[in-house]
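This report describes how selected helices pack against one another. Please consult the sequence and the model displayed below.

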Amino acid sequence: MAPWPEVEKPETNNYIGDSSKQNQSMAGKEGENHKGNVASLGNKGEIQPAFSTIALIDETRPEEDDPWALPELQDTGVKWSELDRKGKIIRVLYGIGKFIMLLGLLYLFVCSLDVLSSAFQLVGGKAAGDIFQDDSVLSNPVAGLVIGVLVTVMVQSSSTSSSIVVSMVSSTLLTVQSAIPIIMGANIGTSVTNTIVALMQAGDRNEFRRAFAGATIHDFFNWLAVFVLLPIEVISGYLYHLTNVIVESFHLESGEDAPELLKVITDPFTKLIIELDKSVINAIATNDESAKNKSLVKIWCVTETNVTLQNVTIPPSENCTSPDLCWSEGNSTWTMKNVTETENISKCKHLFADSDLPDLAIGLILLALSLLVLCSCLVMIVKLLNSVLKGQVASVIKKTINTDFPFPFTWLAGYLAMLAGAGMTFVVQSSSVFTSAITPLVGIGVISIERCYPLTLGANIGTTTTAILAALASPGSTLKYSLQIALCHFFFNVSGIILFYPLPYTRLPIRMAKTLGNTTAKYRWFAIFYLLICFFLLPLFVFGLSLAGWPVLLGVCLPLLALFIAVVVINVMQSRKPHSLPEKLQNWDFLPIWMHSLEPWDNIIMSMLAFCGKHCCGFCKCCKVNAEQEGAKDNQLKTMEVYENTIAMADEERGGRRAPTAACVDKTGTNNTAL
């Protein structure tokens with residue numbers, strides 16, 4: 001305990017003097033105070049209540065804030081009632097200007113997503129087509145799953161990968177049963193876009209925590225649905241049989257083109273930047289050798305196809321269709337055949353129509369530009385939303401989106417949110433656009449994680465309804481297969497919703513996303529690590545094993561899967577029923593620290609960044625500013641946590657730390673969770 005500050009003859013280090021003298025003086029003072037208290041009690045004739053200084057200190061400590069609670073966006077400006085007429089007019093004009101700017105930024109945001117998809121197709125489109133050529137690998141459902149993930153990540157569009165699958169099925173290069181795991185993988189790969197968007201909010205820890213959790217809730221739902229439904233599909237084939245019965249029961253005819261609502265608005269701008277000939281990827285996937293040398297960049301936008309009857313030479317061994325149409329001149333045999341010719345009428349007007357650059361170079365240029373525009377738009381959208389959604393406006397929006405119905409109908413709010421997500425996705429015709437748009441709203445606290453989950457599930461349903469409409473507009477040759485694959489995609493998402501939404505304790509993606517959000521808020525580099533592992537390295541690893549055959553794939557993956565499940569079960573039991581485990585397994589301290597904590601890895605990565613930062617002046621300045629901010633936070637924590645001698649605290653600031661504070665211990669503590 002710290003000594004009394006009232007010392008008559010203070011010495012240099014009097015606050016750490018002899019404890020016996022301090023105790024005697026304290027005892028003397030307590031005796032005097034006790035006599036005085038007894039006298040006062042005798043005068044008043046009643047017993048006074050006892051007080052504890054420890055209890056008073058504990059009462060003054062602020063309660064820890066819940067990081068997942070929605071923040072209150074306070075309006076710091078002048079109230080509307082305090083403004084004069086001129087001020088009100090200016091505020092209204094400012095509001096209209098912000099709304100117009102927000103719409104413009106959203107338009108650029110959606111266009112940059114479209115250009116980003118085109119850039120990925122230019123960089124990896126032909127490689128994606130080559131992946132689909134190996135029939136022996138595609139017959140393996142696990143390999144088909146990771147191929148769907150990789151191809152969708154490379155082309156940044158589940159509709160593109162689905163159209164490749166449809167063209168292969170209609171060309172009898174792939175069966176519908178083999179196509180179903182690829183569609184499941186495409187469902188996983190399409191969620192990478194909003195995860196990349198969430199990285200743009202890494203500046204603020206709490207915003208990043210919520211945004212990354214809101215984005216990865218889509219990932220966890222898709223992975224969990226695949227882990228459960230893929231084995232069921234391999235064993236029973238329920239998706240294939242269900243969709244086959246539905247398709248066979250209807251007499252289908254090719255219809256009109258599916259409605260393109262958002263494309264009507266964005267295409268005039270994106271077609272000025274780049275236009276692609278997506279039939280090249282389909283041709284490569286269907287083993288068309290001539291397509292490998294073609295460019296994906298569309299040069300001629302207006303063409304005309306003519307069929308004419310021409311005289312052509314044929315080998316002598318070839319039989320003529322009719323003797324009247326064949327004749328010989330010297331050593332050549334002539335006949336008449338219909339020849340199809342394509343006449344180029346007008347060139348495209350995009351930036352790269354006259355460029356001689358290869359597809360890879362154009363793709364990398366567009367990739368850098370689209371990511372720059374995407375990040376800039378997202379940062380400005382978040383700033384605008386923070387300035388607009390304050391006070392009454394924020395409270396009204398948050399209550400409208402996050403409020404549940406009264407008791408008997410509490411469950412109904414989630415399903416209405418699911419319906420709203422499906423409707424919005426149908427309007428924008430892309431689940432990636434919708435989930436990427438709500439990710440910053442989750443980050444700034446307008447939408448809660450619990451409400452983001454049904455909105456995301458609705459987006460999954462909405463994108464499949466768009467695919468069904470697109471399938472109904474297919475030509476007669478591909479109508480049946482495209483509709484069956486679109487229905488497989490639809491019922492896969494419906495089955496996942498039935499498994500992981502109706503009952504509250506089955507909503508595992510929410511808990512998993514919150515756990516990952518807490519981890520990435522503390523170690524922000526872990527977000528990039530997660531992105532690389534889940535969408536690139538793990539699918540590539542499984543794909544490489546699948547090339548070696550079933551024995552190698554099962555021999556490596558089954559022990560790893562069993563180890564992963566065992567670690568998850570032990571972690572759950574450690575947090576809920578640790579006494580049910582053996583004493584050694586009640587924590588992970590028996591393992592090396594780098595195996596059960598991210599702290600050593602964080603130290604290594606931070607030291608590497610600090611070493612790299614020494615060669616960059618701007619980075620060093622940022623580091624200095626961050627160090628000063630961290631030091632200010634430590635001082636603030638110290639003043640909040642130390643309730644003893646102020647002289648000791650001042651001397652500690654002058655002479656340096658003598659003992660680590662609670663904040664430092666907490667900062668350097670290990671995270672006792674096995675990787």
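How are H17 and H19 oriented to each other?

## Helices H17 and H19

The model discussed here is predicted. In it, helix H17 (residues 449-472) packs against helix H19 (residues 508-522) at an angle of about 125°, and their axes are 10 Å apart. Angles over 145 degrees count as roughly antiparallel and those from 65 to 115 as roughly perpendicular, with the remainder beyond 35 degrees termed oblique. H17 and H19 are therefore oblique to each other. The crossing in which H17 passes H19 is right-handed.

On the H17 side, the contact is made by Ile449, Glu450 and Tyr453, and on the H19 side by Pro509, Ile510 and Lys514. Divided by class, the residues of this contact comprise 4 nonpolar and 2 charged, with no polar ones.

## Helices H9 and H20

A second packed pair consists of helix H9 (residues 205-236) and helix H20 (residues 525-547). The angle between H9 and H20 is about 15°, and their axes lie 13 Å apart. Because angles under 35 degrees count as roughly parallel, H9 and H20 are therefore described as roughly parallel to each other. H9 passes H20 in a crossing that is left-handed.

From H9, the residues Phe208, Phe212, Thr216, Asp219 and Trp223 meet Ala527, Tyr530, Cys534 and Phe535 of H20. The contact of H9 with H20 contains 7 nonpolar residues, together with 1 polar and 1 charged residue.

Definitions and conventions
Residues numbered from 1 in each chain as written. Predicted model: local features only at pLDDT ≥ 70, side-chain atom pairs only at ≥ 80, totals over all residues. Heavy atoms only, no water. Axes fitted to C-alpha atoms, helices over the stretch in contact; angles between N-to-C directions. Helix = DSSP H or I, 4+ residues; strand = E, 2+ residues; numbered from the N terminus. Left-handed = near helix turned anticlockwise from the far one by under 90°. Contact = heavy atoms within 4.5 Å. Nonpolar A, V, L, I, M, F, W, Y, C, P; charged D, E, K, R; others polar.
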